[in-house]
Amino acid sequence: MSDHVYLSLEALTLAYGDTVAVDGLDLSIAEGELITLLGPSGCGKTTTMRAVAGLLKPSSGRIMLDGRDVTRLGANKRQVGLVFQSYALFPHLSVYENVAFGLKLKGERGRDLEGHVMEGLKTVGLTQFASRKPAELSGGQQQRVSLARSMVMHPKVLLLDEPLSNLDARLRLEMRTELQRVQRETGVTMIFVTHDQGEALALADRIVLMKGGAVEQIGTPEDLYNRPKSAFVADFVGFENVFAVEDGKLRTADGAVPVSGTVPAGAAALAWRPAMVALGSGPHHGSVRGVSFAGGTREYLLDSSLGPIKAEADAALPVHDLGTTLAFDLPAERAAPLQRYA
Ligand SMILES: Nc1ncnc2c1ncn2[C@@H]1O[C@H](COP(=O)(O)OP(=O)(O)OP(=O)(O)O)[C@@H](O)[C@H]1O
């Protein structure tokens, strides 16, 4: 992966009629980077991808790719590959023919064509399936064909829009590893759209978390996971207890509540994952409204005067029944300090 900017979206704005779907988006991506676009439904992920692919014209802003302004360039001239959630394979063509399709349109024939198709199938581990029809393959295998079909065109950027969402949990994991391997081996720049934070954290060199058509936070998976900037990001990466800070106190359903320990200077809010809540002792109390078993841990939903609290305990410990009152604390030193509450 190189450091210089390879793809940049500059103040990109896209609208469908009166609906502004992407609003002044700025994003710089290095060559060979694997970026995930993460965010809730409707935040503009697909629209951004369609703009990069050349399928939608921006209302304003610029897209630069490999030193060239491609904002007004047609989709077929951009060398941008696309892999969708639906595999969009030609059902009547064999795996080989599906992968060969784009290369043939480019005029490839004979040995060159065969070499490139087989190389593409080898990259995704499907050489032995070359003569099958898509319907004779599993969902994961079909998605690999889709990937091979894009990769043989040697795209400058490969866009993947929720490519794993049609697969079951085990296949999803397998394909996630496979995608990572293909990306590392080929060094292709990838933008991967997902609304699954686990997938984004596992795959990405950097995550772009979007909100309302703009970037809310960009960073490595570790950055977002450990150092969310806002309550929106914190909530997205699993900090389920977030309180605004005012005059060194927590703003809660019960008014201003003192925090145990010292609030870091400049924190506009504090966020605790369920595992960061000290359960069993402390100045606050909550009644158990829900318990869920999560393998090694048990998660408790507590009704407290501060508002609802999610806390976690070792599953080996005796279970607390619904209605039991438990003491807890939200220690400042365990919390992630946020720059913004809103
Ligand atoms: N063809 C369209 N016509 C009008 N509005 C649209 C159209 N496509 C998308 N939108 C709107 O644009 C906004 C962004 O949509 P987009 O599909 O980019 O979001 P997304 O983040 O990809 O969502 P999801 O995760 O649900 O796919 C939404 O408010 C959506 O309702």
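Two strands are taken to pair if DSSP finds at least two bridges between them, and that is the sense in which pairing is meant on this tour of a predicted model.

Begin by selecting residues 5-16 and residues 19-30, which are strands β1 and β2; these run antiparallel and are joined by eight bridges. At the turn end of the pair, select Tyr-16 together with Thr-19, its bridge partner in β2. The hairpin of β1 and β2 has two residues between the strands, and Gly-17 takes a positive phi near 60° there.

Keep β1 selected and add residues 60-65, strand β4, which runs antiparallel to β1 and is joined to it by five bridges. Within this pairing, Leu-7 has Leu-65 of β4 as its bridge partner.

Next, select the ligand and the residues that surround it, among them Tyr-16, Thr-19, Lys-45, Thr-46, Thr-47 and His-195. Two elements, β2 and α1 (45-53), each give two or more residues to this shell, and α1 provides the largest share, three residues. If the shell is coloured by residue class, three of its residues are nonpolar, eight are polar and one is charged.

Finally, move to Glu-31, which lies in the loop between β2 and β3 (34-38). Is Glu-31 buried or exposed? It falls in between: Glu-31 is partly exposed because 17 other C-beta atoms lie within 10 Å, whereas a buried residue would need 20 or more and an exposed one 12 or fewer. To end the tour, add Lys-122, which is 91 residues from Glu-31 along the chain, and note that the C-alpha atoms of these two residues are separated by 23 Å.

Definitions and conventions
Residues are numbered from 1 along each chain as its sequence is written. This is a predicted model: local features need pLDDT of at least 70, side-chain atom pairs count only at pLDDT 80 or more; totals for chains, interfaces and linings use all residues. Helices (H or I, at least four residues) and strands (E, at least two) are DSSP runs, numbered from the N terminus. A residue is near a molecule or strand if its C-beta atom, placed from the backbone, lies within 6 Å of it. Ala, Val, Leu, Ile, Met, Phe, Trp, Tyr, Cys and Pro count as nonpolar, Asp, Glu, Lys and Arg as charged, and the others, Gly among them, as polar.
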